[in-house]
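Me: I have a sequence and a structure to look at, and I would like to learn how to read its features one at a time. Could you guide me through them slowly?

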Amino acid sequence: MSSLALYRRYRPESFAEVIGQEHVTDPLQQALRNNRVNHAYLFSGPRGCGKTTSARILARCLNCEKGPTPTPCGECDSCRDLARNGPGSIDVIEIDAASHGGVDDARDLREKAFFGPARSRYKIYIIDEAHMVTSAGFNALLKVVEEPPEHLKFIFATTEPEKVIGTIRSRTHHYPFRLVPPGTLRDYLGEVCQKEDIPVEEGVLPLVVRSGAGSVRDSMSVMDQLLAGAGADGVTYAMATSLLGYTDGSLLDSVVESFSSGDGAAAFEVVDRVIEGGNDPRRFVADLLERLRDLVILAAVPDAAEKGLLDYPADVVERMQAQAQSFGPAELTRAADIVNEGLTEMRGANSPRLQLELICARVLLPAAYGDERSVMARLDRLERGVNFSTGAGTPPMGYVPAPGVHGGADGGDGGAVDASSSVPGGGGAAAARAAVRGGSVVAPGAAAAAEPPVVAVSGPAEQAAPAAGPGPSAAPAEPSQPAPGAWPTATTAGGGGRRPGGWPTTPAPAGGADDTRPPAPAAPTPAAPSAPAPSPVAAPAPGGLDPRSLWPNILEAVKNRRRFTWILLSQNAQVTGFDGTTLQLGFVNSGARDNFASSGSEDVLRQALVEQFNVHWKVEAVVDPSGGGSAPPAPGGFGGSGGYGGGGGPVASGAPGAPSGYGTSSGGGSATTSQRPAPPQSSAPAPAPAASPSPPPASRSAPAPSPAPAPAAPDPVSPEDDTPEDDDPDLDESALSGQELIVRELGATVVEELSNE
């Protein structure tokens, strides 16, 4: 066996033997057929792709006795001299510009170039590594390259054509060489191994091609090294991976499967095996990134192997397809991004193992990050129904409905059917889908729909009573407590006391919702202008959203978009009405309302509602000095035909004819009023009855024979006497107002404060 290097023993001797460069060899052969050969050529491209070999083949074609011809005869003296193992030709001079690129070397070449060839048709100069020629050397060659003698040809070969000065490059025919495709290179290496008569295991050639990175010479050198160390069994896969430093495929399979199943113990066990096996952590991360890249391609193109996008054996492709299906698209791309970022961070790191373990932790714990990629990865896991353990001995997390949480009345009212028994255990996506099919999922706010409806009855007494049911009277309902695992529901107005941060309400009088005493009959009142009958109670907003209870959250969303709008709304506006599509805001004066309308704050509020709650509500600004104490509108309009309150102005809480809503309590006999004192209104108030007002229609019961005195409304409290108690849950000592708020939020300097009486 010859000791000549493998890439030298199989160096091509004709253009037909050059692989992967048809875009160069075909035009050159056609130029030789047409006898239109230029005096200077520039071959450029990556190393080991055939530039110098093609220059020698071109010299053989030009100096062949039967030429110029695209196919050298291989029998004449010139062809034998320039053959694979030939001694070389005196008329074909190869110069290494890396050591002969100075101006003196260029002058010496120029002086010898004018002498004719000794035995051949042309004198050909092959200048390798042409980019190493200095500018002075190129300038010295410029004249002879521009106007050479008839017998002189130049072939420049370089990996960096941009370093060849433009005056030389413009006088040549430039042919760019490319890297050889993996499939073509693998087939060529297989032919070489067959000629060498050494068996090679399946999976070795892709490693060699990957190591060569498209360079034929580099791949042949790696193959020569493997063939030299082959034993009786030939070149094995284990030998190739250990010798070339690549990660074994079993380790990559293990870590990928641990990522897909969320098995942290298996992932860190693979890391330990990598380190204990003496493998380079950086090489492992690079191989893992390539595996994830292949999985991304397989997820997008299932038949990528048949289309030539992947170069792996059939069993490896089948295994990778199963791995790609075990990931969601967001999970897979997020894992690839994290590994890519980790590979960049590992350059120059003092502890590569620590970096590798952190990469695995980031991939396994998407819940620890709040970015969009992590959220999408968690959604992928939920859609696939994958349950991840929260710790040793802890069951997987999932939504398990408690008994009776989603139960409802059996028929009649169209209530929710209790299907909790049909929900599979373990939670996850399967449980959610089964709950939806069984009709057991109750949306937030649906609890209110299950309560007895309130029907407005028009007549002399204008009374409203609960819907008729079995029995002469209905017993008072006990306040229901949320069952374990139930969805959170909003607290109804006037029930359960006041929540911390909630809207201020007045305490219910003795005749509240739990008082069973019959109300006093209404005293005779003087004739008043006819008013429209109360409209039915406004339907809840889509999704059960209550603008008044959500007002702090709305303000926070507005604050994140524009602080001016937030200050304007928080200091001067309250929710005064809502009919399911239009949100009415009451401002303390017309100046604040006009400022809200002219400053673009209305658009900011609408955008905040869409972004935060995904609702498209209209916004209407009115002047309401009472600070939000007016009743909300009916579905047919805000308070009837006369606008808010039906009489041309806002209707005070508890006034006759006001529909049940924000201004009145739907569950008791008292009206919900604001603690803010109401200044005198500029508009004409609605006509008031001479005697004590009767309870709102929605809160009355059937008349009883025993009259009782009506409860007296609490006296208004003046601002100077409205001091909070020490145990007030809404008391916030850190709250700022006035000058401090302006200085902190707007960065302003207060020169003087003028009181507006």
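Reply: Let us begin with a small sheet, keeping in mind that this is a predicted model. Three strands make up an open sheet, ordered E8-E9-E10, and their pairing is mixed.

Me: Which strands lie at the edges of this sheet?

Reply: The general idea is that strands of a sheet pair through backbone hydrogen bonds, either parallel or antiparallel. Here the edge strands are E8 (573-578) and E10 (618-623), each of which pairs on one side only. From one strand to the next, the twist averages 30°.

Me: How many bridges join strand E9 to E10?

Reply: Strand E9 (residues 582-587) is joined to E10 by six bridges, and the two run parallel. To find one such place in the structure, look for Gly 586, whose bridge partner in E10 is Val 622.

Me: In what order do the strands of the five-stranded open sheet come?

Reply: The order in that sheet is E2-E3-E4-E1-E5, and the pairing is parallel. Its edge strands, pairing on one side only, are E2 (92-96) and E5 (173-176), while the twist averages 15° from one strand to the next.

Me: How does one follow the pairing from strand to strand?

Reply: You can take each pair in turn and look for a residue with its partner. Strand E3 (residues 123-128) pairs with E4 in the parallel sense over six bridges, and Ile 127 has Phe 156 in E4 as its bridge partner. E1 and E4, which also run parallel, are joined by five bridges, with Ser 44 standing opposite Thr 158 in E4. Finally, strand E1 (residues 40-44) pairs with E5 over four bridges, again in the parallel sense, and there Phe 43 has Tyr 175 in E5 as its bridge partner.

Me: Is strand E4 mostly covered or uncovered?

Reply: Strand E4 (residues 152-158) is mostly covered, since seven of its seven residues are buried. Both faces are covered: one side carries Leu 152, Phe 154, Phe 156 and Thr 158, the other carries Lys 153, Ile 155 and Ala 157, and all of these are buried.

Me: What should I look for when I search for a nonpolar core?

Reply: The general idea is that, in soluble globular proteins, nonpolar side chains tend to be buried together. In this structure the largest nonpolar core has 35 residues, and the members that touch the most others are Phe 259, Phe 284, Leu 288 and Leu 292. Several helices each supply at least two residues to this core, among them H12 (249-261), H13 (264-276) and H14 (281-300). The largest share, eight residues, comes from H14. There is also a second, separate core of 27 residues, which includes Val 575, Val 615, Trp 617 and Leu 741.

Me: Which residues make the nonpolar surface patch?

Reply: The patch, of about 330 Å², is made by Val 375, Met 376, Leu 379 and Leu 382. Of these, Met 376 is found in helix H18 (residues 372-384), and Met 376 counts as partly exposed because its relative accessibility is 37%, a value that falls between the cut-offs of 20% for buried and 50% for exposed.

Me: How many salt bridges does the structure hold?

Reply: The structure holds 27 salt bridges, and it helps to ask of each one where its two partners sit along the chain. Arg 606 forms a salt bridge with Glu 602, with the closest N and O atoms 2.7 Å apart; both lie in helix H24 (residues 601-613), four residues apart, which is about one turn of the helix. The side chains of Glu 345 and Arg 362 also meet in a salt bridge (3.3 Å, N to O). Glu 345 lies in helix H16 and Arg 362 in helix H17, so this pair ties together parts that are 17 residues apart in sequence.

Me: Which distant parts of the chain does the pair of Arg 84 and Glu 17 link?

Reply: The side chains of Arg 84 and Glu 17 meet in a salt bridge (3.8 Å, N to O). Arg 84 is in the loop between helix H4 (77-81) and E2, whereas Glu 17 is in the loop between helix H1 (6-9) and helix H2 (22-34), and the two are 67 residues apart. Both are partly exposed, with relative accessible areas of 31% for Arg 84 and 37% for Glu 17.

Conventions. Residues numbered from 1 in each chain as written. Predicted model: local features only at pLDDT ≥ 70, side-chain atom pairs only at ≥ 80, totals over all residues. Heavy atoms only, no water. Core = buried A, V, L, I, M, F, W, Y, C linked by side-chain atoms within 4.5 Å. Buried < 20%, exposed > 50% of the residue type's maximum accessible area, 1.4 Å probe, protein only. Patch = residues over 30% accessible without salt bridge, like charges linked within 9 Å, V, L, I, M, F, W, Y side chains within 5 Å. Areas by Shrake-Rupley, 256 points an atom, 1.4 Å probe, with all protein chains shown as cover. Salt bridge = Lys/Arg side-chain N within 4 Å of Asp/Glu carboxyl O. Pairing = 2+ DSSP bridges. Axes fitted to C-alpha atoms, helices over the stretch in contact; angles between N-to-C directions.
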